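Welcome, and please have your viewer ready. We will go from one selection to the next and look at the side chains on the way.

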Amino acid sequence: TKTQGIRIKRAEAKSLLSLFQDPAATSANGLYIGGIKYYVAKADSRSIYSFRSKVGGCIVVKTNKFFLIATYVEAHLGGSVVEQVERIADYLLNFNY
């Protein structure tokens, strides 16, 4: 399976920074990644879990130096994607990334 890269616009990156500073704002405004709007299911100072109506979703996890961003196209894969991205984030945080 070939995956396409996500192109994050500068405004989206700035928005991510502010959403992690005020996670409550994500519920009202949603989340834009690669020009696509996602509806937020859960947000806190570390992770944002979001979905598109019946078409998959997106998870963003913040570490000390990175945003890990993963998208999925089939809704039933969401739990697995969340688990794997959170594990990667834990690994990076363990090494101060």
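Here is the tour, starting with a word on the model.

This is a predicted model, in which local features need pLDDT of at least 70 and side-chain atom pairs count only at pLDDT 80 or more, while totals for chains, interfaces and linings use all residues. Residues are numbered from 1 along each chain as its sequence is written, and side-chain values use heavy atoms, with hydrogens and water left out.

Begin with Arg 46 and Glu 86, whose side chains form a salt bridge at 2.6 Å, N to O (a side-chain nitrogen of Lys or Arg within 4 Å of a carboxyl oxygen of Asp or Glu). This pair links distant parts of the chain, 40 residues apart: Arg 46 sits in the loop between strand 2 (36-43) and strand 3 (47-51), and Glu 86 in helix 3 (helices are DSSP runs of H or I, at least four residues, and strands of E, at least two, numbered from the N terminus).

Now add Asp 90, which meets Arg 46 in a salt bridge of 2.8 Å, N to O. Here the partners are 44 residues apart, with Asp 90 in helix 3. Arg 46, Glu 86 and Asp 90 are thus linked in a network of salt bridges.

Switch on the surface: Glu 86 is buried at 13% relative accessible area, while Asp 90 is partly exposed at 42% (buried is under 20%, exposed over 50%, partly exposed in between, with a 1.4 Å probe and protein chains only).

Next, select Lys 42 and Asp 44, joined by a salt bridge of 2.7 Å, N to O.

Finish at Asn 96, in the segment after helix 3 (78-94). Its phi is near 65°, a positive value in a residue other than glycine. Most residues other than glycine have a negative phi.
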